[in-house]
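Reader: Pick one part of this model and take me through it up close, please. After that, work outward to whatever sits around it and beyond.

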Amino acid sequence: MRVNYHYAILSYCPDLTDPSSQSFPVGMVAIGKIGDNTTFAISIARSINKLCSQNVLLDPFSMQIVENFHTFIDKQLKEGLEKTGINDFLFWLQNRLRNTIHISHINCRECEVEQPDHVLNDALRLFNGEIEHFDPVLIKIEENQRGLPDIRMHECQPPSHCNQIHAHA
Amino acid sequence: MTNEEIAKDWRTRAVSTLKWMRCSNQTGLIEGEAGGYYVEAEGFHRRGYLKPANAHQDAAEVSRAAREKIAADLAYDLGLPVPPVQLTYRENPPPGCETAVAVSLIMYPAQHAWETIRDIPVNQAPIGLAVAQAMSNCSPMFVFDTWVAQTDHNDHPHNIVWGYDPKTLSDSRIIFLDFAFSMGCRGEWENGGWRTITKAGFPAKMLNHLNSDSVLETIHKISDLNDTQIQEVIMRIPKSHLDEEQKEYIYQGLIGRKPLLYQAFSDII
C-alpha cells in the first residue's frame, strides 16, 4: 500500500549567540494517514548516550526534552492536533519550537509498504539518512554500537472537530 | 565580549558602527509579523536579529526600530532584562521594506520560549529552581511594560524567553523581547492620550509570583530617571528612524507617565 506522510527534523543549536554555529538533528516526528481514515504519528529520538559520547553538550532543558522525547511529542500531538489537524500540525510545531530546540526542516515522503506498521522502518531509514547527511561519522558509530535511535508509534487522538480521522496505534 | 560589555557599549550610541549582514546560522527563523532575520558583523562574533524586514504600510508612524532602541536603552538604565539594541540601515531592501531597522543582540547560547517553559513546575529540581529564580526577577518588567505601554507581552508564547549558558544554569534569566508596538505606536499617546494608564498584560504565572517590594522599587527607579536622560535617549534617534513629531509624543508620554505608575499599581504597592 502507498503511504504519504510529512516529517519534521528537530534539531539542536549548541550556541544561539554564535553566527556560525551548526545545528544537528536530535529527533524526528512524522505524521500521515494510511488509507482514508487512519492517522499515524511516529517519533524517533537519537540516543542521548551517543550524543554525549560525541562531546555534544546539551543544555539541561534540551537534555530533558530529548530524554523524554516521546512524551514531549505526545504532548505536542495532543495539543497541536486539537488546534490544527494533521495537515498543519508540523507547521504549528515549527512555529512553537524556534530556539535552541527547533525544527530545521519539514518535508514530505511517499512510500510503499506491505503492512501499515512497516512505515516505522521507512521513517527510521529516513531519519538515519538525515543524520548521515549531517555527519556520516555519527551514524557509523551509532550503527556499530548499541544505542540506535529510539522509535515510537503514537496513538493519535482525532481532533474533536474532525470526525473523519480515526484513532490508531 | 560579554553581554554586559556589549550592552554598555551599545547604550552609548543610537546607530551601530558595524556593517550587518545575514549570517549562516538562521536557527529558529520563522517569518513572523516583522519578518526579521539573523545577522552578524565583521569583527563582532555574535548573532543579532535584524527587524523589521517586511513591508508595512504604516512604517513611518509606527517606527518599530526606534521604539525597540528606546525601550532597550531605558531598560539598560534601569537594569532590566531587555536585550541591547542598535539602529542600523538595511542596504537594498526589497520594494516596500524599510531601510531603517534595528539589530537586537541574541544574549544566551541556550534559549527557550515562554511557551515551552511556562509549564515547568517550580520545585527543587535544578531546572525548576532555575526557572523559579529567573521568574522572581521579572516583577520589575511588569512596571516597565506598563510605563512604556507594552502590549505584546501578556502571555505571548515567543516574546518572553528563558536564556542561560549551559554551564551555568543557576545564572539563567528571563528576557523580554519586542517593543516595536510600545509607546503609543498607533497614535494612542497623541493629544494627551498617554494619560490613560492601565497595567500591562503580563504572564499569569509571573503575576502569581509577583514581588510587590520589587514593583515599588522599580516605580521609584523610573520616577527617579532624569527627564534629560530620557530626552537624550529619544532625541538622538535619527530622523530616518523616528520623525520629530513622534519623538515629542514619546517624550511627553514617558515623562508624563512616570508619576502615574503609583496610581496604576496602587492595589499592589
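Author: A bit of vocabulary before the tour: two strands count as paired if DSSP finds at least two bridges between them. Also keep in mind that this is a predicted model.

The part I'd pick is strand S5 of chain B, residues 100–105. Its 6 residues are buried, 6 of 6, so the strand is largely enclosed by the rest of the structure. Go through it face by face and you get B:Ala100, B:Ala102 and B:Ser104 on one side, with B:Val101, B:Val103 and B:Leu105 on the other. Both faces are covered, and every one of those residues is buried.

Now for its strand partners. S3(B) pairs with S5(B) in the antiparallel sense, over 4 bridges. To find a spot on that pairing, look for B:Leu50, whose bridge partner in S5(B) is B:Val103. Strand S4 of chain B, residues 85–89, also pairs with S5(B), again antiparallel, this time over 5 bridges. There, B:Leu87 has B:Ala102 of S5(B) as its bridge partner.

S3(B) also leads us to the other chain. In total, 23 residues of chain B are in contact with 22 residues of chain A. On the chain B side, S3 (44–51), strand S6 (110–113) and helix H5 (126–136) each supply at least two residues. S6(B) gives the largest share, 4 residues. By class, that side of chain B has 12 nonpolar, 7 polar and 4 charged residues.

While we're looking across at chain A, here's its sheet. It's an open one of 5 strands, ordered S4-S1-S2-S3-S5, with antiparallel pairing. S4 (101–112) and S5 (150–154) of chain A are the edge strands, each pairing on one side only. Ignoring direction, neighbouring strands are turned by 20 degrees against each other on average. S5(A) is joined by 5 bridges to strand S3 of chain A, residues 38–45, and A:Ile44 stands opposite A:Ile151 in S5(A). Helix H4 of chain A (residues 89–96) packs on this sheet, touching S1, S2 and S4 of that chain. The direction of H4(A) makes about 165 degrees with that of S4(A).

Back in chain B, helix H6 (residues 139–147) is another enclosed piece: 9 of its 9 residues are buried, so it too is largely enclosed by the rest of the structure. Among them are B:Phe142, B:Phe144 and B:Trp147, along with B:Asp145. Its cover includes H3, strand S8, and helices H8, H10 and H11 of chain B. H6(B) is followed by B:Ala149, which has a positive phi, near 55 degrees.

One of those covering elements, H3(B), spans residues 64–78, and its axis comes within 9 Å of that of helix H9 (residues 227–235), crossing at roughly 150 degrees. H3(B) and H9(B) are therefore roughly antiparallel to each other, and the crossing is right-handed. Where they meet, H3(B) brings B:Ile70, B:Asp73, B:Leu74 and B:Asp77, while H9(B) brings B:Gln229, B:Val233 and B:Ile234. Sorted by class, the residues of that contact are 4 nonpolar, 1 polar and 2 charged.

How values were computed: Residues are numbered from 1 along each chain as its sequence is written. Chains are lettered from A and ligands numbered from 1 in the order in which they are written. This is a predicted model: local features need pLDDT of at least 70, side-chain atom pairs count only at pLDDT 80 or more; totals for chains, interfaces and linings use all residues. Axes are lines fitted to C-alpha atoms, for helices over the stretch in contact, and angles run from 0 to 180 degrees between N-to-C directions. Angles under 35 degrees count as roughly parallel, over 145 as roughly antiparallel, 65 to 115 as roughly perpendicular and the rest as oblique. A crossing is left-handed if the near helix is turned anticlockwise from the far one by less than a right angle, and right-handed if clockwise. Two residues are in contact if their C-beta atoms, placed from the backbone, lie within 7 Å. Ala, Val, Leu, Ile, Met, Phe, Trp, Tyr, Cys and Pro count as nonpolar, Asp, Glu, Lys and Arg as charged, and the others, Gly among them, as polar. A residue is buried if 20 or more other C-beta atoms lie within 10 Å of its own, exposed if 12 or fewer, and partly exposed in between; C-beta atoms are placed from the backbone.
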